[in-house]
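User: I'm new to this structure and would like a close look at one part of it. Could you pick a helix, walk me through what surrounds it, and then follow the contacts outward?

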Amino acid sequence: MLGALLGGLAVWLGWLRPAAGWAAALVGTLAWWSGGMGTALALLLFVLLGSLAARANPRSRDREGRAASQVLANGLPGGLGGVLLGPTFFYGAVAAALADTLASELGARAPWAWRPGRGRVPSGTNAAVSPPGTLALVLGAGLTALLFGGRHGGAVFVAGVFGAVLDTLTGPLEERLRWWTNDVNNAVATAAAGLLAWMLT
């Protein structure tokens, strides 16, 4: 019931598209199951900061709210892993999701970016990096680790940075493999981050 309420609230606030409410309810339920109030608050932090960052980026595709597929890609791996392996897995996955989201949304406002193999490219280019985006990545992972990592904060931070960097490195696959979408890329990165956090504890 709490997951459904929070999903409905996110839709009402414009953070999620209407069809994404059910996905948010599912992820929210798994988050609570993973670790109770702590994991639920970590998920809310990601939704809040990610939504605010998207609103602040005039070129963001998520200004009108995230779709159900995006919610599941960013939240389902962490939720399932958290239920099966514990809350540290969930925190690592959320740290990666927040780090990647902030890097994408805030980095897109940089004057330029750099992509391996291409050199200097317009900011917002897929798989490109920029100084503001890199700083946002570190801050996103660090904030999650500081607020929710506890004695495993170091593992959560490392996992968050690793997952976000992995997301960038595998981003070019979206241009080479028809089935490797941005949602698949996000799901793989968050799952890998959660697994790393769990292995480091």
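**A walk from helix 3 to helix 5 and beyond**

Analyst: Let's start with the residues of helix 3 that are tucked away: Thr 39, Ala 40, Ala 42, Leu 43, Leu 45, Phe 46, Gly 50, Ser 51, Ala 53 and Ala 54 are its buried ones. Keep in mind that this is a predicted model. Helix 3 itself runs over residues 37-56, which makes 20 residues. From its first C-alpha to its last it reaches 28 Å, close to the 28 Å expected at 1.5 Å a residue.

What covers those buried residues? The cover includes helix 2 (21-35), helix 4 (68-85), helix 5 (87-107) and helix 6 (131-149).

Between helix 3 and helix 4 there's a loop, and Arg 66 sits in it. With a relative accessibility of 10%, Arg 66 counts as buried, because the cut-off for that is under 20%. Who does Arg 66 touch, once its neighbours within four places in sequence are set aside? The partners are Trp 15, Leu 16, Arg 17, Ala 20, Gly 50, Val 71, Thr 101 and Glu 105. Gly 50 in that list should look familiar, as it's one of the buried residues of helix 3.

Now on to helix 4 and helix 5, both part of the cover of helix 3. These two pack at an angle of about 165°, and their axes are 6 Å apart. Since that angle is over 145 degrees, helix 4 counts as roughly antiparallel to helix 5. Their crossing is right-handed. On the helix 4 side, the contact is made by Asn 74, Pro 77, Gly 78, Gly 79, Gly 81, Gly 82 and Leu 85. Helix 5 brings Pro 87, Phe 89, Phe 90, Ala 93 and Ala 97 to that contact. Sorted by class, the contact of helix 4 with helix 5 has seven nonpolar residues, five polar ones and no charged ones.

Helix 5 has other partners too, so let's stay with it. With helix 7 (153-170), helix 5 packs at an angle of about 45°, the axes being 7 Å apart. That makes helix 5 oblique to helix 7. Here again the crossing is right-handed. From helix 5, the residues involved are Thr 88, Tyr 91, Gly 92, Ala 95, Ala 96, Ala 99 and Asp 100. They meet Val 156, Ala 159, Gly 160, Gly 163, Ala 164 and Asp 167 in helix 7. The contact of helix 5 with helix 7 comes out as seven nonpolar, four polar and two charged residues.

Next comes helix 9 (residues 182-199), which packs with helix 5 at about 135°, with their axes 7 Å apart. That makes helix 5 oblique to helix 9. Helix 5 passes helix 9 in a right-handed crossing as well. Thr 88, Phe 89, Gly 92, Ala 93, Ala 96, Ala 97 and Asp 100 are what helix 5 offers here. Facing them in helix 9 are Asn 186, Thr 190, Ala 191, Ala 193, Gly 194, Leu 195, Ala 197 and Trp 198. By class, the residues of the contact of helix 5 with helix 9 are nine nonpolar, five polar and one charged.

One residue ties these last two contacts together. Asp 100, in helix 5, takes part in the contact with helix 7 and in the contact with helix 9. Is Asp 100 buried or exposed? At 11% relative accessibility, Asp 100 counts as buried. Not counting residues up to four places away in sequence, Asp 100 touches Ala 164, Asp 167 and Asn 186. Asp 100 and Thr 190 are 90 residues apart in sequence, yet their C-alphas are 9.5 Å apart in space.

Past the end of helix 7, one more stop: Pro 172 is in the loop between helix 7 and helix 8 (173-176). Pro 172 counts as buried, at 14% relative accessibility. Leaving out residues up to four places away in sequence, Pro 172 touches Arg 115, Asn 126 and Ala 127. Pro 172 is also 9.5 Å from Ala 128, C-alpha to C-alpha, with their positions 44 residues apart in sequence.

Ala 127 is worth a glance of its own. Ala 127 lies in the loop between strand 2 (119-121) and helix 6, and at 11% relative accessibility it counts as buried. Although Ala 127 is not a glycine, it has a positive phi of about 70°. Helix 6, at the end of that loop, brings us back to the start, as it is part of the cover of helix 3.

Conventions. Residues are numbered from 1 along each chain as its sequence is written. This is a predicted model: local features need pLDDT of at least 70, side-chain atom pairs count only at pLDDT 80 or more; totals for chains, interfaces and linings use all residues. Side-chain values use heavy atoms; hydrogens and water are left out. Helices (H or I, at least four residues) and strands (E, at least two) are DSSP runs, numbered from the N terminus. The expected span of a helix is 1.5 Å times one less than its number of residues. Buried means under 20% relative accessible area, exposed over 50%, partly exposed in between (1.4 Å probe, protein chains only). Contact means heavy atoms within 4.5 Å. Axes are lines fitted to C-alpha atoms, for helices over the stretch in contact, and angles run from 0 to 180 degrees between N-to-C directions. Angles under 35 degrees count as roughly parallel, over 145 as roughly antiparallel, 65 to 115 as roughly perpendicular and the rest as oblique. A crossing is left-handed if the near helix is turned anticlockwise from the far one by less than a right angle, and right-handed if clockwise. Ala, Val, Leu, Ile, Met, Phe, Trp, Tyr, Cys and Pro count as nonpolar, Asp, Glu, Lys and Arg as charged, and the others, Gly among them, as polar.
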